[in-house]
Amino acid sequence: MNSTVIPIEEIPNRVLKRAQYEAFEFELLGSRVRVRNESYADPENHEYEVTVEDGVPMKCTCPADTRFDNPCKHRVGVAIRRPILEFVEEVQAVSHLAQVDRNTLYFFSVNCKHLISHVTHVKPN
Ligand SMILES: [Zn+2]
């Protein structure tokens, strides 16, 4: 697994801090992770999708990710939460085996504060 695509030490402190402390909720949509920022009063307008390939958050649909060289806080938010990445890989592997549409197979919703306890709850969509 190549987790060196986003070296933590090269991420600006400001982005890393926000990725750690903002109230992100994660929902798995096959190979993508929807990241919703519950820190806002209107979280539905702060919802983006991070594409994960081979265990690495490769890109995000938010404006900041396309505008700047550094990975956005959503990608970093996924990258620093190892259980999410492992879970995504697991679901991708299972979806592949089952030959079903992996975009609709499973979803999960995780509040990062309760990440470890919730990450095992997988529900068929
Ligand atoms: Zn983003």
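Is Cys-62 buried or exposed? Select the residue in this predicted model: its relative accessibility is 2%, so Cys-62 counts as buried, the cut-off for that class being under 20%.

**Zinc site**

Keep Cys-62 selected and add Cys-60, Cys-72 and His-74, which together are the protein donors of the zinc ion. The three cysteines contribute SG and His-74 contributes ND1, at 2.1 to 2.3 Å from the metal. Along the sequence these residues follow the spacing C-x1-C-x9-C-x1-H. Angle labels on the four donor atoms should read 105 to 113 degrees, and the arrangement is therefore tetrahedral, since all angles have to lie between 85 and 135 degrees for that class. Next, colour Cys-60 by accessibility: its relative accessible area is 7%, so Cys-60 is buried.

**Hairpin of S1 and S2**

Move to residues 24-29, strand S1, which runs antiparallel to S2 and is joined to S2 by six bridges. Select Phe-26 and look across to S2, where Val-35 stands opposite. Two residues lie between the strands of this hairpin, and Gly-30 has a positive phi near 65 degrees.

**Faces of S2**

Now show side chains on residues 32-37, strand S2. In a regular strand the side chains alternate between the two faces of the sheet. Here Val-33, Val-35 and Asn-37 make up the covered face, while Arg-32, Arg-34 and Arg-36 make up the uncovered one.

**On to S3**

Finish with residues 47-53, strand S3, which is antiparallel to S2 and connected to S2 by five bridges. Select Arg-34, from the uncovered face of S2; opposite Arg-34, in S3, stands Glu-49.

Key
Residues numbered from 1 in each chain as written. Predicted model: local features only at pLDDT ≥ 70, side-chain atom pairs only at ≥ 80, totals over all residues. Heavy atoms only, no water. Buried < 20%, exposed > 50% of the residue type's maximum accessible area, 1.4 Å probe, protein only. Helix = DSSP H or I, 4+ residues; strand = E, 2+ residues; numbered from the N terminus. Pairing = 2+ DSSP bridges. Donors = N, O, S within 2.8 Å, 3.2 Å for Na, K, Ca; no water. Tetrahedral: all angles 85-135°; square planar, octahedral: opposite > 155°, others 65-115°.
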